[in-house]
Amino acid sequence: MGRAGLTVTGAYLLDAGLVPYAEALDLQRSLAAAVSQRAIPDTVILLEHPPVVTAGRRTDEATELHIPDGTPVDVVETDRGGKSTYHAPGQLVCYPILDLNRHGKDVKKYVRDLEEALLKTLAAFSLEGERIEGLTGVWMTKPPRKIASIGVHVSRWVTTHGYALNVDLDPAPFTEWITACGLEDAQFTTMSRELGRTVSVAEVKPAAVGTLGEVFGLTFETLPADDGAGLWSQPVHEKLAAR
């Protein structure tokens, strides 16, 4: 059920598994084009990425990227907001493709709602995440340890990108390879580290889906991921959505 006062609407859920970042970016653009044309309802993608460093629009590569030579990781520039971050298996990545005409037409509220969904997901595992004034994402305190990052892009009120929740991966690259999120001396953590036991991405997904449905007033129909989810090429729509 959605929060009090929310109208619950139907949405698609695509659990895509392990997807290279560039392929996921193309998928998001196709879905955003379809959502913007009201050809499909709001759609949420859950996936993991092979190791990749992504640079948002505010990244200063000269100061933020210090990846050792020979490191087997791709570096990809992307159109989301924010600075640099790191993705790898063991991190739950959520890309909501939502039409904000149905969710308040308020980008700041949208980011706060993503944070709220993350806080509720952590709470389902008895973890008390927190917001920190002036920063996006979700943290464990004290001392501050970042457990989830948020970076979004909104075009014609349709969202792409989203959040990355550290479930069970080595957080060292966040500080050793990059200055993640542009934050000097920041610490990063994972759900497994905080709980003192191994937690899998598969274990976290049901809570993530449930909290997204609650916060945004969505009820999900799962799309099959093995056949491209019935998506079709929409080059004209994609060009419009990219503007």
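Which residue just after helix 6 takes a positive phi? Gly217 does, at about 70 degrees. Helices (H or I, at least four residues) and strands (E, at least two) are DSSP runs, numbered from the N terminus.

This is a predicted model, in which local features need pLDDT of at least 70, side-chain atom pairs count only at pLDDT 80 or more, and totals for chains, interfaces and linings use all residues. Residues are numbered from 1 along each chain as its sequence is written, and side-chain values use heavy atoms, with hydrogens and water left out.

**Overall**

The protein has seven helices and eleven strands. Of its 243 residues, 52% count as buried. Buried means under 20% relative accessible area, exposed over 50%, and partly exposed in between (1.4 Å probe, protein chains only). The exposed surface is about 11,100 Å², and carbon and sulfur atoms supply 51% of it. Areas come from the Shrake-Rupley method with a 1.4 Å probe; for residues, only the protein chains shown count as cover. Among contacts with a separation of 6 or more, 74% link residues 24 or more positions apart. A contact means heavy atoms within 4.5 Å.

**Helices 3 and 6**

The table sets out both helices. The expected span is 1.5 Å times one less than the number of residues.

| Helix | Residues | Length | End-to-end C-alpha distance | Expected span |
|---|---|---|---|---|
| Helix 3 | 107-123 | 17 residues | 24 Å | 24 Å |
| Helix 6 | 201-216 | 16 residues | 22 Å | 22 Å |

At the start of helix 3, a side-chain oxygen of Asp106 comes within 3.1 Å of the backbone nitrogen of Lys108. Buried residues of helix 3 include Tyr110, Asp113, Leu114, Ala117, Leu118 and Thr121. Their cover includes strands 6 (91-97), 7 (138-140), 8 (145-155) and 9 (158-166), as well as helix 5 (191-195) and helix 6. In helix 6, the buried residues include Val204, Ala207, Ala208, Thr211 and Phe216.

An α-helix has 3.6 residues a turn, so residues three or four places apart point the same way.

Two threonines show how the helices meet. Thr121 lies in helix 3. Its relative accessible area is 0%, so Thr121 is buried. Leaving aside residues up to four places away in sequence, Thr121 touches Leu165, Val204, Ala207, Ala208 and Thr211. Thr211 belongs to helix 6. It is buried too, with a relative accessible area of 7%. With the same sequence neighbours left out, Thr211 touches Ala117, Lys120 and Thr121. The Thr211 side chain also reaches the backbone oxygen of Ala208 at 3.1 Å. That is a polar contact: a pair of N or O atoms within 3.5 Å, where within protein one must be able to donate a hydrogen and the other to accept it, and residues adjacent in sequence count only if both atoms are side-chain atoms.

**A three-stranded sheet**

Three strands form an open sheet in the order 4-3-5, with mixed pairing. Strand 4 (74-77) and strand 5 (84-87) stand at the edges with a single partner each, so one side of each has no neighbour in the sheet. The twist averages 25 degrees from one strand to the next. Two strands pair if DSSP finds at least two bridges between them. Strand 3 (residues 52-55) pairs with strand 5 in the antiparallel sense over four bridges. Here Val53 stands opposite Tyr86 of strand 5.

**Phe174**

Phe174 sits in helix 4 (residues 173-176). It counts as buried, at 1% relative accessibility. Phe174 and His87 are 87 residues apart in sequence, yet 9.2 Å apart in space, C-alpha to C-alpha.

Note on methods
Axes are lines fitted to C-alpha atoms, for helices over the stretch in contact, and angles run from 0 to 180 degrees between N-to-C directions.
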